[in-house]
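Colleague: I'm new to this structure. Please walk me through its side-chain contacts.

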Amino acid sequence: MDKLTVRQDSQELEQIQPKLGKNRRNFRASLIEWGKSFLQRNADPLRLWLAFRVALFILPVFAGFLIPFSEHNPLPLRYEPANIWFERLVRSWTRWDSGFYTHIANEGYAASYDSGDAHIAFFPLYPHLIRALSVIFTFNHVNRDVFNIAGIFISSVATLFLFVGLYRLARLDYEPEISRRTVLYLMVFPMSFFLLAVYTEALFMALAVWAFWAARTKHWWLAGLLAALGVLTKNQGVLLVAALGFEYLWQIRFNPRKLNWQILSFVLPVLAQAGWMYVNILTYGDGFHYVQSAQRIFARFFAWPTFTMKEATKKFFEERSPGATLPINYNPGYDLDSMLWDYPITLFFFGLGLVALYFVLRKRFQVSYLIFLILCCVQPLFSPNKISLLASMPRYLMIIFPAYILLALIARRWLWLHYLYLSLGFPLLGLFLARYVLNYWVA
């Protein structure tokens with residue numbers, strides 16, 4: 001009986017094995033076919049990402065040539081000769097706030113002797129991803145460099161997903177040329193190098209773009225999950241949730257009778273925000289301690305946006321020597337007064353807001369995009385900086401992905417704006433990147 005059973009089993013196995021082999025071959029062929037299709041459909045954003053990553057990997061090596069220095073204009077950064085290449089190619093991407101993220105990744109939110117409770121002002125998802133990935137990168141470097149490399153890797157991959165997602169999102173409404181230019185205009189924006197630095201901008205933008213794509217294609221649970229991750233990445237996450245909420249109401253035409261179970265997807269970002277506030281309560285006894293910490297440590301204060309813009313206008317035009325191009329008492333390096341570029345870029349985005357309203361009325365632009373644009377423009381103006389009112393404003397505004405779709409729409413009508421944007425964007429991107437890697441303040 002046992003021999004008969006074994007013989008039957010072997011016969012069945014001989015019959016099954018060809019089928020299994022055929023299934024494996026079919027799966028492999030399907031996977032290859034899917035890969036080819038993906039590369040063909042996303043060739044434009046993939047090429048732009050590759051060019052962006054390679055160019056901005058090389059440029060820091062030549063940063064010293066772009067920012068001249070002398071006895072009267074010393075560089076704030078001095079390279080260690082033994083580590084000059086590692087300094088320029090890796091540590092160059094970890095200036096200023098990057099140190100907070102790597103500190104959190106290394107030690108958690110424990111306060112250090114020189115920064116008090118400053119670390120709680122930074123949201124948890126990005127530094128914890130760095131910590132998780134650093135386990136893979138534990139080769140013979142000091143811990144700081146392991147976390148730096150992990151952060152750069154995460155930002156680079158997030159930028160890849162951002163470029164592909166932004167292209168796919170624009171394709172929902174516009175032709176390939178508009179989608180291609182949308183990604184290009186983000187790539188050329190003067191502050192876009194922050195996407196590859198150890199900062200949260202790339203991760204947040206990737207989550208925001210794909211959350212909008214999921215919402216526009218009515219995958220609301222995916223949108224809710226991505227929005228929840230966005231809430232844990234950056235303080236603008238709550239603005240993303242608000243814009244997505246408007247998108248949901250717009251899809252049901254604000255009719256309460258059309259509410260369905262998909263609205264429960266918004267529970268996910270609410271739980272994420274509640275969880276972050278609960279951590280603050282357990283640690284500091286106040287759910288909004290992260291807000292208070294940011295205001296205290298980084299010289300922020302509450303003000304109405306009208307006051308902020310009024311004072312910024314006064315500072316930009318009046319606190320300047322006659323005929324000069326730099327603010328009074330300008331000190332290259334650690335001087336945080338970046339009003340020279342903060343103010344014009346802020347006005348630029350507010351101007352885009354007015355143009356966006358025009359395109360919304362013409363039904364060429366999504367209303368939820370306009371909501372997100374307005375919220376992200378106004379929110380930073382409630383907490384200006386005591387040293388330079390609009391400090392970091394260009395970096396905050398860079399995350400407004402609908403602005404680049406809008407620029408592509410405008411440039412299609414007036415082609416000369418396309419060339420003007422590129423001719424200004426490329427050199428400014430190189431200049432600001434050079435300033436950043438040499439440890440000058442940028443945004």
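Colleague: Which helix holds both Glu 177 and Arg 181?

Modeller: The two are four residues apart, about one turn of the helix. Keep in mind that this is a predicted model, where local features need pLDDT of at least 70 and side-chain atom pairs count only at pLDDT 80 or more, while totals for chains, interfaces and linings use all residues. Residues are numbered from 1 along each chain as its sequence is written, and side-chain values use heavy atoms, with hydrogens and water left out. Going by DSSP runs numbered from the N terminus (H or I, at least four residues, for helices; E, at least two, for strands), both residues lie in helix α8.

Colleague: What is the N to O distance in the salt bridge of Glu 177 and Arg 181?

Modeller: Side chains of opposite charge can pair when their charged atoms come close. The term salt bridge needs a side-chain nitrogen of Lys or Arg within 4 Å of a carboxyl oxygen of Asp or Glu. For Glu 177 and Arg 181, that N to O distance is 2.9 Å.

Colleague: Arg 181: buried or exposed?

Modeller: With a 1.4 Å probe and protein chains only, buried means under 20% relative accessible area, exposed means over 50%, and partly exposed is in between. Glu 177 has 32%, so Glu 177 is partly exposed. Arg 181 has 14%, so Arg 181 is buried.

Colleague: Which residues do salt bridges that share partners join into one network?

Modeller: Glu 177 and Arg 181, side by side on one helix about a turn apart, are both in it. The network is Asp 44, Arg 47, Glu 177, Arg 180 and Arg 181.

Colleague: How many residues apart are Asp 44 and Arg 180?

Modeller: Asp 44 and Arg 180 form a salt bridge, with the closest N and O atoms 2.7 Å apart. The pair links distant parts of the chain, since Asp 44 is in helix α2 (residues 43-58) and Arg 180 is in helix α8 (residues 176-188). Along the chain they are 136 residues apart.

Colleague: What is the relative accessibility of Arg 180?

Modeller: Its partner Asp 44 has a relative accessible area of 15%, so Asp 44 is buried. Arg 180 counts as partly exposed, because its relative accessibility is 28%.

Colleague: Where does Asp 97, the partner of Arg 395, lie?

Modeller: The side chains of Arg 395 and Asp 97 meet in a salt bridge, at 3.7 Å from N to O. They are 298 residues apart, with Arg 395 in helix α17 (residues 393-398). Asp 97 lies in the loop between α4 (84-89) and α5 (98-107).

Colleague: How many salt bridges does the structure hold?

Modeller: One of them is the pair of Arg 395 and Asp 97. Arg 395 has a relative accessible area of 4%, so Arg 395 is buried, and Asp 97, at 15%, counts as buried too. The structure holds 10 salt bridges.

Colleague: How many disulfides does the count come to?

Modeller: A disulfide is a pair of cysteine sulfur atoms within 2.5 Å. The closest cysteine sulfur to that of Cys 376 is in Cys 377, and at 7.4 Å it is too far for a bond. Cys 376, at 1% relative accessible area, is buried, and Cys 377, at 2%, counts as buried as well. The disulfide count is zero.

Colleague: What is the angle between the ring planes of Phe 100 and Phe 298?

Modeller: Rings of Phe, Tyr and Trp (its six-membered ring) pair if their centres lie within 6.5 Å, with planes under 30 degrees apart stacked, over 60 edge-to-face and the rest tilted. The structure holds 43 such pairs. Phe 100 and Phe 298 have ring centres 5.7 Å apart, and the pair is edge-to-face because the planes are at 80 degrees.

Colleague: Where is Phe 298?

Modeller: Phe 298 and Phe 100 are 198 residues apart, and Phe 100 is in helix α5. Phe 100 is buried at 17%, whereas Phe 298 counts as partly exposed at 26%. Phe 298 is in the loop between α13 (289-297) and α14 (305-318).

Colleague: Which ring does the charged end of Arg 53 sit over?

Modeller: A charge sits over a ring if NZ of Lys or CZ of Arg is within 6 Å of the ring centre and within 35 degrees of the ring normal. For Arg 53 the distance to the centre is 5.6 Å. The ring is that of Trp 93.
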